[in-house]
Amino acid sequence: MPYVKEYRGVNEVSERHHVSYSHLDFPVIDDRDYFLDSVVDSELAEDGTGTYKRSFKVNGTVRPPRSGIVRVTVCEGYWEITAGEDKTRSVATYYLLTDP
C-alpha cells in the first residue's frame, strides 16, 4: 500500500478482535503512526446472506508515541459489506474519520 512504511499485528485479543500498528510515510507531511483496535461486529450467514461489518478505532494506550512521528489521536470507522438479494452483487460501505 502506498505510504505504509510499517504494518504489524500487535495482539490478537480474540478471533474477532485484533490490535495492529501502522506507520505512514507521506512525501509532503510529517510521518504518522497509530494503533488500531479492529473488531468484527457481524458476519455473513453460511449461505452468503446478511452483512459483514468490521469496525476500527484508534487505541492510544498500547505504546507511547515515537520520537519524530505524529501520533494519530482520532481514527475510527468501519467496512460494511451487505450481500444483495440475488447473491450476485453486494453493497460495500467504507467510513473513516481521522485527525491529524
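Met-1 is exposed in this predicted model, with a relative accessible area of 85%. The residue lies in the segment before strand E1. Together with Val-4 and Tyr-7, Met-1 forms a nonpolar patch on the surface. The combined accessible area of these three residues is about 390 Å².

Aromatic contacts were examined next. The count of aromatic pairs comes to five. One of them joins Tyr-3 and Phe-26 in a tilted arrangement, with 5.4 Å centre to centre and 45° between the planes. This pair links distant parts of the chain, the two residues being 23 residues apart. Tyr-3 belongs to the segment before strand E1 (4-14), whereas Phe-26 is found in the loop between strand E2 (17-24) and strand E3 (32-42). Tyr-3 counts as partly exposed because its relative accessibility is 44%. Phe-26, with a relative accessible area of 25%, is likewise partly exposed.

A further tilted pair is formed by Trp-79 and Tyr-94, with ring centres 4.3 Å apart and an angle of 35° between the planes. Trp-79 lies in strand E6 (residues 74-83) and Tyr-94 in strand E7 (residues 90-99), so the contact ties together parts that are 15 residues apart in sequence. Trp-79 has a relative accessibility of 43% and therefore counts as partly exposed. The value for Tyr-94 is 45%, which also places this residue in the partly exposed class. Both residues belong to an aromatic cluster that includes Phe-56.

The strand pairing gives the setting of this cluster. E3 is joined by six bridges to strand E4 (residues 51-58), and the two strands run antiparallel. Within this pairing, Ser-38 stands opposite Phe-56 of E4, and Phe-56 is the residue that forms a cluster with Trp-79 and Tyr-94. E4 also pairs with E6, again in the antiparallel sense, over seven bridges. In that pairing, Lys-53 has Glu-80 of E6 as its bridge partner. The charged end of Lys-53, in turn, sits over the ring of Tyr-78, at 4.4 Å from the ring centre. In a regular strand, side chains alternate between the two faces of the sheet.

Contacts between charged side chains were also identified. A search of the whole structure finds four salt bridges. Glu-6 takes part in a salt bridge with Arg-8, with an N to O distance of 2.9 Å. Glu-6 also forms a salt bridge with Arg-66, in which the closest N and O atoms are 3.3 Å apart. The contact between Glu-6 and Arg-66 links distant parts of the chain, as Glu-6 is in strand E1 and Arg-66 is in the loop between E4 and E5, 60 residues apart. Glu-6, Arg-8 and Arg-66 are thus linked in a network of salt bridges. Glu-6 counts as partly exposed because its relative accessibility is 24%. Arg-8 is partly exposed at 33% relative accessibility, and Arg-66 is partly exposed at 37%.

Another of the salt bridges connects Arg-16 with Glu-43, the closest N and O atoms being 2.5 Å apart. This contact, too, links distant parts of the chain: Arg-16 is in the loop between E1 and E2, and Glu-43 is in the loop between E3 and E4, at a separation of 27 residues. With a relative accessible area of 32%, Arg-16 is partly exposed. Glu-43 is partly exposed as well, with a relative accessible area of 47%.

A buried position is provided by Val-72. This residue is placed in the loop between strand E5 (70-71) and E6. Val-72 counts as buried because its relative accessibility is 5%, the cut-off for this class being under 20%. The C-alpha atoms of Val-72 and Val-13 are separated by 22 Å, and the two residues are 59 residues apart along the chain.

Notes. Residues are numbered from 1 along each chain as its sequence is written. This is a predicted model: local features need pLDDT of at least 70, side-chain atom pairs count only at pLDDT 80 or more; totals for chains, interfaces and linings use all residues. Side-chain values use heavy atoms; hydrogens and water are left out. Rings of Phe, Tyr and Trp (its six-membered ring) pair if their centres lie within 6.5 Å; planes under 30 degrees apart count as stacked, over 60 as edge-to-face and the rest as tilted. Helices (H or I, at least four residues) and strands (E, at least two) are DSSP runs, numbered from the N terminus. Buried means under 20% relative accessible area, exposed over 50%, partly exposed in between (1.4 Å probe, protein chains only). A charge sits over a ring if NZ of Lys or CZ of Arg is within 6 Å of the ring centre and within 35 degrees of the ring normal. Patches are made of residues with over 30% relative accessible area and no salt bridge: like charges are joined within 9 Å, nonpolar side chains (Val, Leu, Ile, Met, Phe, Trp, Tyr) within 5 Å. Accessible areas come from the Shrake-Rupley method with a 1.4 Å probe; for residues, only the protein chains shown count as cover. Two strands pair if DSSP finds at least two bridges between them.
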